Amino acid sequence: MRNEEQVTPKEFLEGILNCDKPIIILPHEQADIDAYATAWLFRDFLKLRGKKAYIYLDSPSLELRRFIEALNLKTFSDDYDRVLKMLEETEEYCLLLVDIHDYRRFSSSKIKNLVERSTIIFIIDHHYGQIPREKKIVAYRRFYPSSCEVALELLENEKEFAMLIKRKELANALIGAILFDTNFFLNAQPRTFYHISELVKNGDLKLVYQILKEKQRELPERIARLKGAQRLQLLKIGNTLITVSKIGSYESSVANALLSLGADISLVVSRKKENSKRYIRVVGRSRKKVNMAAIFSKLAKSLGGVGGGHERAAAIQIPVDRIQSEEELVKEIIKEILKILQNALS
Ligand SMILES: [Mn+2]
């Protein structure tokens, strides 16, 4: 298989449409609106082409759950049950990952098993980072602001396309995904507006915008954001203000909050534990011209973890080994990140 950057829409679609088994569409864990809308668009397309396609929406994020509730959208619970049944009956399937490319990042054992048992994995994504190659992979990845823009591009020349985006609820979900992942058009690219101009013919931009804007954060998240600010360390490289902080959870939200307080780059450290394995996670946000995803992805390679994301929003995860204490590891990771930033900014 050629490099995924060279797979054309036609090749990708041919691949997935030639799959003679049912297709399970799998968003990342804590699925967000982008993963959800991308999955939905593809599910409906595959169904129009006579394929069996089911979305396995296992753990929607709070944001997504609120969005679904506010717009009274579907949760694909029938699809979910169908997938469980397929697993029980050890039926074969193909897997389509949406809004994620590194299937090693799944933490639930059920999903790991789902990935393990699939012989071929299709991927639609917009995140930086290396695609694992232990499996047969057909990836269509473009670094657009949202995965659903990648999916819209894949389908825009298909005869079913006009009919698909005429579906009001799907159009609203796609608009929500674009608003959410572009941070209300802040990170939009020219093509984003082209897609939006098509989607608003049947979707309701104003309604979706209001639903997403009027969210009130829950108490634990607000506490995390305030604690993140309380614990921050402020550094200055030239005219760039960098904050380093720690938090137990909501690290992305904390990192965003610190940017809006005035940081140019915010780094938020958290200690995580999954299946008895411990690791250090650092979320980075930037409004400077430094590619955080590239920095994290490179550093992850040298420190033996995973890293990636987007230029301005990225994350790195490094497992804690026995030799080093967590404290030492945190110090080392932060030191390395600051060293790279120092070079990049000077
Ligand atoms: Mn996304």
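A residue is called buried here if 20 or more other C-beta atoms lie within 10 Å of its own, with the C-beta atoms placed from the backbone. Keep that cut-off in mind as we walk through this predicted model, starting with a strand where it comes into play at every position.

That strand is E3, residues 94–98. Cys94, Leu96 and Val98 point one way from E3, Leu95 and Leu97 point the other way, and all are buried. This is the pattern to expect, because in a regular strand the side chains alternate between the two faces of the sheet. With 5 of the 5 residues of E3 buried, the strand is largely enclosed by the rest of the structure, so neither set of its side chains is an exposed one.

What does E3 pair with? On one side is E1, joined to E3 in the parallel sense over 5 bridges; here isoleucine 23 stands opposite cysteine 94. On the other side is strand E4 (residues 120–125), also parallel to E3, over 4 bridges. Two of the positions we have just met reappear in this pairing: leucine 95 stands opposite isoleucine 121 of E4, and the bridge partner of valine 98 is isoleucine 124.

Now step back to the whole sheet. Its 5 strands run in the order E2-E1-E3-E4-E5, forming an open sheet with parallel pairing. Strand E2 (53–55) and strand E5 (136–141) are the edge strands, each of which pairs on one side only. From neighbour to neighbour, the strands are turned by 20° against each other on average, with direction ignored. Helix H1, residues 9–17, packs on this sheet and touches E1 (23–27), E3, E4 and E5; the direction of H1 makes about 135° with that of E5.

A pair of helices is worth a look next. Helix H2 (residues 33–48) and helix H6 (residues 147–155) pack with their axes 8 Å apart, at an angle of about 20°. Angles under 35 degrees count as roughly parallel, and H2 and H6 are therefore roughly parallel to each other. H2 passes H6 in a left-handed crossing. On the H2 side the contact is made by Asp34, Ala35, Ala37, Thr38, Leu41, Phe42 and Phe45, and on the H6 side by Ser147, Cys148, Ala151 and Leu155.

Let us move along the chain to another sheet. This one is open too, with 6 strands in the order E6-E7-E8-E9-E11-E10, and its pairing is mixed. Strand E6 (233–237) and E10 stand at the edges with a single partner strand each, so one side of each is left without a neighbour in the sheet. The twist averages 20° from one strand to the next.

Within this sheet, strand E8 (residues 265–274) and strand E9 (residues 277–286) pair in the antiparallel sense over 10 bridges, with arginine 271 standing opposite isoleucine 280 of E9. Towards the E10 edge, E10 and strand E11 (residues 313–319) are likewise antiparallel, over 4 bridges. E10 and E11 form a hairpin with 3 residues between them, and the bridge partner of valine 306 in E11 is glutamine 317. Are the residues of E10, an edge strand, buried or exposed? Val306 and Gly308 point one way and Gly307 and Gly309 the other way, and all are buried.

Helices accompany this sheet as well. Helix H14 (residues 326–345) lies across E6, strand E7 (240–246), E8, E9 and E11, and runs at about 25° to E9. Elsewhere, helix H11 (residues 219–230) and helix H12 (residues 251–261) pack at an angle of about 55°, their axes 9 Å apart; H11 and H12 are therefore oblique to each other. Their crossing is right-handed. At this contact Glu221, Ala224, Arg225, Gly228 and Ala229 of H11 meet Ser253, Val254, Ala257, Leu258 and Leu261 of H12.

Finally, the chain as a whole. The protein chain has 14 helices and 11 strands. Its radius of gyration is 20 Å, close to the 20 Å that the globule rule gives for 346 residues, so the chain is as compact as a globular protein of that length. The C-alpha atoms fill a box of roughly 55 × 45 × 40 Å along the principal axes. Of the 346 residues, 39% count as buried. Among the contacts with a separation of 6 or more, residues 24 or more positions apart account for 64%.

Note on methods
Residues are numbered from 1 along each chain as its sequence is written. This is a predicted model: local features need pLDDT of at least 70, side-chain atom pairs count only at pLDDT 80 or more; totals for chains, interfaces and linings use all residues. A residue is buried if 20 or more other C-beta atoms lie within 10 Å of its own, exposed if 12 or fewer, and partly exposed in between; C-beta atoms are placed from the backbone. Two strands pair if DSSP finds at least two bridges between them. The radius of gyration is taken over C-alpha atoms; the globule rule is 2.2 Å times the number of residues to the power 0.38. Two residues are in contact if their C-beta atoms, placed from the backbone, lie within 7 Å. Axes are lines fitted to C-alpha atoms, for helices over the stretch in contact, and angles run from 0 to 180 degrees between N-to-C directions. Angles under 35 degrees count as roughly parallel, over 145 as roughly antiparallel, 65 to 115 as roughly perpendicular and the rest as oblique. A crossing is left-handed if the near helix is turned anticlockwise from the far one by less than a right angle, and right-handed if clockwise.
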